[in-house]
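Here's a quick look at the pockets and the nonpolar core of a protein model. Have the structure open while you read.

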Amino acid sequence: MRTPEGFGAFYEKHIDAVLGFVTRRVTDPHLAADLTADIFLAALKDAAGYRPDKGVPIAWLYGIARNVLASHARAGARERGALQRLSGRRLLDDQDVAALEERIDAQRAFRDLAERHAALSEPLRAALDLVVIDGLTPAEAAQALGVTQATIRVRLHRARRALSTPADPAVPAPAQRLEVAR
């Protein structure tokens, strides 16, 4: 990866996987292309830090991708906060809110699952997303997150258990159960 030709081959081999990782997390195609470029730029800068004995390259790239996406999300949150303070009004009008509510009601089952997913702690959600959505093995997910395989397996078990519990007022919320489980 330290020569232009080597990095070009590395890029060609992994571009589809990284682009897929990004497009599952953002909806704007231009933003997805920009973030993918940022990920490979970061990989190029850190190529000397890659250690093949620590795991497969795609897990290393997903680790970089998670950092780039998190940085982008933090910057977006700061920008939205600044815009709200400057404008002094909500970004959505009543008509936009009504349209969103209709869409949410039409997808109730998905929303319930998404809420349980959102209630997971970040470590559980990250482990689950890397294995279930992005198709990494637990060993590769452990490498991407910088934890042991045993830790990943425990996180996967807890996340799956929390997601399989239907929303019921008599059952403690997943976030409450997870706080106790930590």
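A nonpolar core here means a set of buried Ala, Val, Leu, Ile, Met, Phe, Trp, Tyr and Cys residues joined through side-chain atoms within 4.5 Å. Keep in mind that this is a predicted model.

With that in hand, the largest nonpolar core has 37 residues, and Val22, Ile39 and Leu61 have the most contacts inside it. Helices α1 (4-23), α2 (29-45), α3, α6, α7 (138-145) and α8 (149-164) are the elements giving two or more residues to this core. The largest share, nine residues, is from α3. Take Ile39: leaving aside residues up to four places away in sequence, its partners are Val18, Val22, Leu61, Ile64, Ala65 and Val68.

Now for the pockets. The largest one holds about 410 Å³ of space. It is lined by 16 residues, and Arg24, Arg25, Arg66, Leu69 and Asp129 are the closest to its centre. Two elements, α3 (57-87) and α6 (122-133), each give two or more residues to that lining, with α6 giving the most, six residues.

The second largest pocket has a volume of about 170 Å³. Val26, Leu31, His72, Ala73, Gly76 and Arg80 line this pocket, and α3 brings the largest share of them, four residues.

Here's how the two linings divide by residue type:

| Pocket | Nonpolar | Polar | Charged |
|---|---|---|---|
| Largest pocket | eight residues | two residues | six residues |
| Second largest pocket | three residues | two residues | one residue |

Terms used
Residues numbered from 1 in each chain as written. Predicted model: local features only at pLDDT ≥ 70, side-chain atom pairs only at ≥ 80, totals over all residues. Heavy atoms only, no water. 1 Å grid on protein atoms, 1.4 Å probe; cavity = no way out; pocket = protein on both sides within 12 Å on 5 of 7 lines; lining within 4 Å. Points joined across faces, edges and corners; volume = space filled by probe spheres on them. Nonpolar A, V, L, I, M, F, W, Y, C, P; charged D, E, K, R; others polar. Buried < 20%, exposed > 50% of the residue type's maximum accessible area, 1.4 Å probe, protein only. Contact = heavy atoms within 4.5 Å.
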